[in-house]
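The following exercises concern helix packing, salt bridges and burial. Each task is followed by a solution that proceeds step by step.

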Amino acid sequence: MNAVGIDVSKGKSTVAIMQPFGVVAASPFEVSHNGQELKELVERVKLLPGETKVVMEYTGNYYEPIAQYLHNEGIYVSVVNAMLLHNYSGNSIRKAKTDKKDAVRIAQYALDRWLDLREYIPDDEIRRSLKLLNRQYTTLCKVKTMLNNNFISLVDQSFPGVNKLFASPQRSSDGHIKWVDFVIKFPHCDCVRGIPRSAFKDKYYRWCNKNGYYYSDKKADTIYDYSKTLIATLTNSDYIASLIGQSATQLNCACETLSELQKQMTALSQQLPEYDVVMEMFGVGKVLAPQLIAEIGDTRRFHSRKAITAFAGLDAPPYQSGNIDVKSRSISKRGSPHLRKTLFQVVDVILKNSPADEPVYSFLDKKRAEGKPYKVYMMAAANKFLRIYYAKVNEALNT
């Protein structure tokens, strides 16, 4: 038995090779993540006598180059959750931490958990790309929210409340929002009320036609009358118009990128066999379906419903010690926060639509009737939805 422990960091790794009974087959050494040194590592590992397993810690994206390279060379690789390694003491009370000590500790963990190690299987290209796109989409959503809030705060000083005049959804072609484009053309309330009503309506009509928005004569009158009642704290000047235009352009750029990412995610997820099954589930639409598929991945990698629940961090582990036996506990949250957020959004859609014959809503309504707090029944419903998802998708993948 040869346990190869690898402590992964950015661009390089520290490797230690241990054998049973504390035998050090190779003292810790460094390996850069380039073709030549990884090739030399593969040759060294393959020369070891007996069965060999390589174990490394899950460290974001840093572990993937070396894990995939070793896997493709036919070497058994196992990627272990960082919390499991953190909780593994290594038979020492000292808190010394170096890359070399971490590599030895990982190798010792591999020897102790030899039979429990699960082989690392890389995701296929579609699933890997979909997950990457979703993470970028999630990050950009936060940026968009920040830009939107900043833009509203700025515009409220030149055209207060203009965002409430328009109820149009985001344009599907490019993600633009009508009121944002309107403010680029009319950055100050004086730009509306400072000209005759007929002149404004003519300009507004031509602007709608040019930008592909629906024109309403009644809406034009509403905007004009509303502008007459406003008190702006910023003057109508070129530099204010320029500042508002720049902020609007930044927000539109974020919206365009999000729209493009969403189209790409939809195109990728449609190539996966479970897409149609997921789309049929209540509460899931064209936006949430790719996100769910991206974060959950291939359900066949989970051995049971409990495993996928733990992966989402929705499990509530039992707690018993002596005479203490806690029956009700909060969720562990030791799972993917991205998946929990997506599940919460799905349940929120179900709650708002309240479909009487939908099993997830029936379960949610039952918990709510029992007097459970909002977060408790929402997370319970998310758990219920995830279990149904696991059963339906697994059935589709295995047929």
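Helix axes are lines fitted to C-alpha atoms over the stretch in contact, and angles between N-to-C directions run from 0 to 180 degrees. The structure examined here is a predicted model.

**Exercise 1. Packing of H14 and H15**

Determine how H14 and H15 are oriented to each other, and describe the residues of their contact.

Step 1. Helix H14 spans residues 337–353 and helix H15 spans residues 359–369. Their axes lie 10 Å apart and form an angle of about 80°.

Step 2. Angles of 65 to 115 degrees count as roughly perpendicular. H14 and H15 are therefore roughly perpendicular to each other.

Step 3. From H14, the residues Val347, Ile350 and Leu351 meet Val360, Tyr361, Leu364 and Arg368 of H15. The residues of this contact comprise 6 nonpolar, no polar and 1 charged.

**Exercise 2. Backbone of Ser354**

State where Ser354 is found, what is notable about its phi, and how accessible it is.

Step 1. Ser354 is located in the loop between H14 and H15.

Step 2. Most residues other than glycine have a negative phi. Ser354 is not a glycine, yet its phi is positive, at about 50°.

Step 3. Buried means under 20% relative accessible area and exposed over 50%. With a relative accessibility of 34%, Ser354 counts as partly exposed.

**Exercise 3. Salt bridges**

Identify the elements joined by the salt bridges Asp99–Lys12 and Arg197–Asp221, and name the network to which Arg197 belongs.

Step 1. The salt-bridge criterion, a side-chain nitrogen of Lys or Arg within 4 Å of a carboxyl oxygen of Asp or Glu, gives a count of 19 salt bridges.

Step 2. In the salt bridge between Asp99 and Lys12, the closest N and O atoms are 3.7 Å apart. Asp99 belongs to helix H4 (residues 99–112) and Lys12 to strand S2 (residues 12–19), so the pair ties together parts that are 87 residues apart in sequence. Asp99 is partly exposed at a relative accessible area of 30%, and Lys12 is partly exposed at 27%.

Step 3. Arg197 and Asp221 form a salt bridge whose closest N and O atoms are 3.2 Å apart. Arg197 lies in helix H8 (residues 197–211) and Asp221 in helix H9 (residues 217–228), so this pair ties together parts that are 24 residues apart in sequence. Arg197 is partly exposed, with a relative accessible area of 31%, and Asp221 is partly exposed at 22%.

Step 4. Through salt bridges that share partners, Arg197, Lys201, Asp217, Asp221 and Asp225 are joined into one network.

**Exercise 4. The buried side of H2**

Establish how the buried residues of H2 are arranged around the axis and which elements they pack against.

Step 1. Helix H2 covers residues 64–72, and Ile66, Ala67 and Leu70 in this helix are buried.

Step 2. These residues cover an arc of only 100° around the axis, which puts them on the same side of H2. In general, an α-helix has 3.6 residues a turn, so residues three or four places apart point the same way.

Step 3. The buried residues of H2 pack against strand S1 (2–9), S2, helix H1 (35–46), strand S4 (52–57) and strand S5 (77–80).

Step 4. Just after H2, Gly74 has a positive phi of about 85°.

**Exercise 5. Val80**

Decide whether Val80 is buried or exposed, and list its contacts beyond four places in sequence.

Step 1. Val80 is part of strand S5. Its relative accessible area is 6%, so Val80 is buried.

Step 2. Leaving aside neighbours within four places in sequence, Val80 is in contact with Val55, Met56, Glu57, Tyr58, Leu85, Tyr109 and Leu117.

Methods: Residues numbered from 1 in each chain as written. Predicted model: local features only at pLDDT ≥ 70, side-chain atom pairs only at ≥ 80, totals over all residues. Heavy atoms only, no water. Helix = DSSP H or I, 4+ residues; strand = E, 2+ residues; numbered from the N terminus. Parallel < 35°, antiparallel > 145°, perpendicular 65-115°, else oblique. Contact = heavy atoms within 4.5 Å. Nonpolar A, V, L, I, M, F, W, Y, C, P; charged D, E, K, R; others polar. Buried < 20%, exposed > 50% of the residue type's maximum accessible area, 1.4 Å probe, protein only. Arc of directions from axis to C-beta.
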